[in-house]
2 protein chains.
Amino acid sequence: MRIGKVAERAGVSVRALRYYEEQGLVIADRSPSGHRRYPESAVERVKFIQLLYAAGLTSKAILQILPFLDTLVATSQMTRRLTDERARIRVKIDALTRAHDRLEELIRLAAEYENSPATCSASADVAASHTSPPRH
Amino acid sequence: MRIGKVAERAGVSVRALRYYEEQGLVIADRSPSGHRRYPESAVERVKFIQLLYAAGLTSKAILQILPFLDTLVATSQMTRRLTDERARIRVKIDALTRAHDRLEELIRLAAEYENSPATCSASADVAASHTSPPRH
DNA sequence: CTTGATCCTCACGTTGACGTGAGGATCTAG
DNA sequence: CTAGATCCTCACGTCAACGTGAGGATCAAG
């Protein structure tokens, strides 16, 4: 498959695919004229790479993990990498969840304000609290 | 309070605080000699800013939201900003969760391999699947 | 009064995952 | 066989949230 088709089917840019090759994430052989040729499996591989990028992994970290997809051989080091990244993702999910909940709290306040703009100033302390439960 | 103390208590660098001021996120008045003076409330404010940064918001986006913390006046535009950012965070949580689950799947495979390296090649298709459930 | 800690303002450096032409070769449909 | 689509390789640009000195003023304690 040519690079444009892979890009389209995987939902990334052509430039991104060249970058992935540069980083060693995807290997493409070449046609006699030098054009990249990808196997069908490249599409799923790129989607997986995108998944990890979206989770905040760096290309170096992805490069450490990809061999497992190819060989399914799990050294203890590979297992540790996988669990380490999973842990990192968990931490991020927790941080995002805290931010989400905090925004939700503010949105509730905003809704209260819309219902009765004049009588909401008593809730001002809630906006300043960070983790503590309501202390009225 | 001086900048060093705020940095320490909020868990950020002095440079970060200067940057926040540059972005209009935190206002500090100055001593006659030009040193920044922060109110106590600055610590919580900076922690809130950090929370939003950690959730992937840009300083511009945070700048749009901060006035609500100060005034607790919710225009319809403000409410929309809050809900928009909450939605964006949700999307990120979902993406992270997908990556997390995928890694978990791989970790299970790795564990299987460790238990019986020779008999696991039959699971090779699992590593290539993306969203589909086990189809044995 | 002095000294070490803390603060100030420029202003350039860093990092990662690409974007964006420049300039040119190759492919493919009609 | 020709033209438009697609591809190639450099190689510099981007953006955001700071890091990192340089060079100098200010503060707090003894």
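# A tour of two protein chains and two DNA strands

Start by selecting DNA strand D, which has 20 residues around it; Gly4(A), Arg36(A), Ser13(B), Ser33(B) and Ser59(B) are the closest. Of the atoms of DNA strand D that come within 4 Å of the protein, 75% belong to sugar and phosphate. Keep in mind throughout that this is a predicted model.

**Stop 1: side chains at DNA strand D**

Show the side chain of Arg18(A). One of its N or O atoms is 2.8 Å from a phosphate oxygen of DNA strand D. Next select Ser13(B), where a polar side-chain atom lies 2.7 Å from a phosphate oxygen of DNA strand D. Then move to Arg15(B). What kind of oxygen of DNA strand D is 3.1 Å from an N or O atom in the side chain of Arg15(B)? That oxygen belongs to a base.

Now colour the protein by secondary structure. Three helices each give at least two residues to the surface near DNA strand D: H1 (3–10) and H2 (14–22) of chain A, and H2 (14–22) of chain B. H2(B) supplies the largest share of that surface, four residues. Sorted by class, the residues of the surface near DNA strand D are six nonpolar, eight polar and six charged.

**Stop 2: DNA strand C**

Switch the selection to DNA strand C. Here 21 residues surround the strand, and Ser13(A), Ser33(A), Ser59(A), Gly4(B) and Arg18(B) are the closest. Sugar and phosphate make up 75% of the atoms of DNA strand C that come within 4 Å of the protein.

Select Arg15(A): an N or O atom in its side chain is 3.2 Å from a base oxygen of DNA strand C. For Gly4(B), display the backbone, since a polar backbone atom of this residue is 2.7 Å from a phosphate oxygen of DNA strand C. Add Arg18(B), which places a polar side-chain atom 2.8 Å from a phosphate oxygen of DNA strand C. H2 of chain A, with H1 and H2 of chain B, are the elements that give two or more residues to the surface near DNA strand C.

Which helix gives the most to the surface near DNA strand C? It is H2(A), with four residues. The residues of this surface divide into six nonpolar, eight polar and seven charged.

**Stop 3: salt bridges within the chains**

Hide the DNA and look for paired charges. Over all chains, a search of the whole structure finds 22 salt bridges. In chain A, select Glu21(A) and Arg30(A), whose side chains form a salt bridge of 3.3 Å, N to O. Arg30(A) counts as partly exposed, at 41% relative accessibility.

In chain B, select Arg30(B) and Glu21(B); their side chains also meet in a salt bridge, 3.3 Å from N to O. Arg30(B) is partly exposed, with a relative accessible area of 41%. Return to chain A and add Arg36(A) to the selection: salt bridges with shared partners join Glu21(A), Arg30(A) and Arg36(A) into one network.

Next go to Arg9(B) and Glu40(B), where the side chains meet in a salt bridge of 2.6 Å, N to O. Arg9(B) sits in helix H1 (residues 3–10) of chain B and Glu40(B) in the loop between strand E2 (36–37) and helix H3 (41–54), so the pair ties together parts that are 31 residues apart in sequence. Is each partner buried or exposed? Arg9(B) is partly exposed, with a relative accessible area of 40%, and Glu40(B) counts as exposed at 56% relative accessibility.

**Stop 4: where chain A meets chain B**

Finally, colour the protein by chain. In contact here are 41 residues of chain A and 41 residues of chain B. The two chains bury about 3,900 Å² between them, with 78% of this on carbon and sulfur atoms.

How many salt bridges are counted between chain A and chain B? There are four. One salt bridge to select joins the side chains of Glu104(A) and Arg90(B), at 3.8 Å from N to O. Four residue pairs in polar contact are also counted between the chains, both residues at pLDDT 80 or more.

Isolate the side of chain A that touches chain B. Helices H3 (41–54), H4 (59–71), H5 (76–115) and H6 (124–128) of chain A each supply at least two of its residues. The largest share, 24 residues, comes from H5(A). By class, this side of chain A has 24 nonpolar, seven polar and 10 charged residues.

Technical notes
Residues numbered from 1 in each chain as written. Chains lettered and ligands numbered in written order. Predicted model: local features only at pLDDT ≥ 70, side-chain atom pairs only at ≥ 80, totals over all residues. Heavy atoms only, no water. Near = heavy atom within 4 Å. Polar contact = N/O pair within 3.5 Å; in protein donor to acceptor, adjacent residues only side chain to side chain. Nonpolar A, V, L, I, M, F, W, Y, C, P; charged D, E, K, R; others polar. Buried < 20%, exposed > 50% of the residue type's maximum accessible area, 1.4 Å probe, protein only. Contact = heavy atoms within 4.5 Å. Buried area = accessible area lost by both parts, 1.4 Å probe.
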